[in-house]
Amino acid sequence: MLAASLGACSSSGKYADPSKSNRTDSGFRNNYAQPERGSFWKWQWERLTQGLPKPPENHYQFPVLKPDLAWLKDNQRRPSVTWIGHATALVQLGGKNVLTDPMFSQRASPFSFIGPARKAPLPVQISELPHIDVVVISHNHYDHLDRASVEQLNLQPGGPPLFLVPLGLRDWFLALGITNVQEMDWWDKTSLDQLDIHFVPATHWSARGLFDRSETLWGGWVLQAMDCPGKADTTRQSPVAPFSVYFAGDTGYSKDFRDIGERFGHFDLALIPIGAYAPRWFMQNQHVDPAQAVLIHQDVHARRSVAIHWGTFELADDALDEPPKELAKAMQAAGLPQEQFVTLKHGETLKLDR
């Protein structure tokens, strides 16, 4: 599983084999060339001397909703997404409950006493959720792969979920005693009953320590299911397209999204990050800003998008309440209706139709 196809980098920055990840002796590489990485220490000095990030105008009083847990537990047919916070969302599709990048701890850190702290309270605990069938992990950074969260999910009543992870992460899970885990490469596909799941590229990097940069893969996830409202029609002779959801994970901007859009055609829903983007000179390689999030929305041909990766942990210099404001401006500048790309309150559920 760890053997990935290699390709020589062309003059355009594209590696020769776009069908799989690019693995070298020094780790995985992105599909497309990026600007030279900025200095981490310069960024930290700017933060210290300029007092960044500034507190949000709402003084961290983000509205938090308690999800309708009874509805979520009963729901077997209607596609829905519940934003729990940061990149964690409960997606209900194809009769399955899928959890993205579960992060339920108070700090996005290997330590309990230092590191980015949760600024908006959790709207729901793992123990309150409906039984989770599948967990998809975008990469191994601490704000996206939380040990305590996956350990608790592995012990959920009714049996553990299937953990779908990028190449290189299976051993980490096995070391925790989590065995229901499957590694996937870019463009790989697996299925669980009516639900098809694809792992797709992103522009990012990985590390959990000082000496393991890019040793494991990163990416986004595509969920497709046929048994959704408005699809079953036995009188039709032509096949009906599956209901599709795209979870972008954590990413900078690149042509990867046009590649994804070309391969899948469109998405009924996309979950796209909008926060932790400042300063651009440092964050541009790893986090999109709201204007680039709108480009992703367009590149993948999403009928509707929900913003993630904002309002929960202070990971960069943009104030936690800034990304939604900038997203609204970017949508207006693109001439798109605001309802195509929305922000949810923590704990809010969006019930979906075709």
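Over which residues at the low end of the numbering does pLDDT stay under 50, and how many contacts beyond four places in sequence does the model have for them? The stretch is residues 1-17, and the model has 38 such contacts for it. This is a predicted model. The protein chain averages a pLDDT of 92, and 90% of the residues score at least 70.

**Confidence**

- Residues 229-238 also stay under 50 in pLDDT. For residues 229-238 the model has 11 contacts beyond four places in sequence.
- Where pLDDT is low, the predicted coordinates should not be read in detail.
- Among the elements of the chain, strand β1 (residues 22-24) has the lowest mean pLDDT, at 90. Strand β6 (residues 134-136) has the highest, at 99.

**Strand β13 and its surroundings**

- Strand β13 spans residues 269-273, and 5 of its 5 residues are buried.
- In a regular strand the side chains alternate between the two faces of the sheet.
- Both faces of β13 are covered. L269, L271 and P273 lie on one side, A270 and I272 on the other, and all are buried.
- Strand β12 (residues 243-247) pairs with β13 in the parallel sense, over 3 bridges. Within this pairing, V245 has L269 as its bridge partner in β13.
- Strand β14 (residues 305-308) also pairs with β13 in the parallel sense, here over 4 bridges. The bridge partner of A270 in β14 is S305.
- L269 is thus a buried residue of β13 and the bridge partner of V245. A270 is buried on the other side and has S305 as its bridge partner.
- Helix α5 (residues 256-264) joins β12 and β13 in a β-α-β unit. The unit is right-handed.

**The open sheet**

- An open sheet has 7 strands, in the order β8-β7-β6-β5-β4-β3-β16. Its pairing is mixed.
- The edge strands are β8 (181-184) and β16 (349-351), and each pairs on one side only.
- From one strand to the next, the twist averages 20 degrees.
- Strand β6, with the highest mean pLDDT among the elements, is one of the strands in this order.
- Strand β4 (residues 88-93) and strand β5 (residues 96-100) pair in the antiparallel sense. That pairing has 5 bridges.
- Q92 stands opposite N97 in β5.

Technical notes. Residues are numbered from 1 along each chain as its sequence is written. This is a predicted model: local features need pLDDT of at least 70, side-chain atom pairs count only at pLDDT 80 or more; totals for chains, interfaces and linings use all residues. Side-chain values use heavy atoms; hydrogens and water are left out. pLDDT is the predictor's confidence in each residue, from 0 to 100. Helices (H or I, at least four residues) and strands (E, at least two) are DSSP runs, numbered from the N terminus. Contact means heavy atoms within 4.5 Å. Buried means under 20% relative accessible area, exposed over 50%, partly exposed in between (1.4 Å probe, protein chains only). Two strands pair if DSSP finds at least two bridges between them. A crossover is right-handed if, with the strands pointing away from the viewer, the path from the first strand over the helix to the second runs clockwise. Axes are lines fitted to C-alpha atoms, for helices over the stretch in contact, and angles run from 0 to 180 degrees between N-to-C directions.
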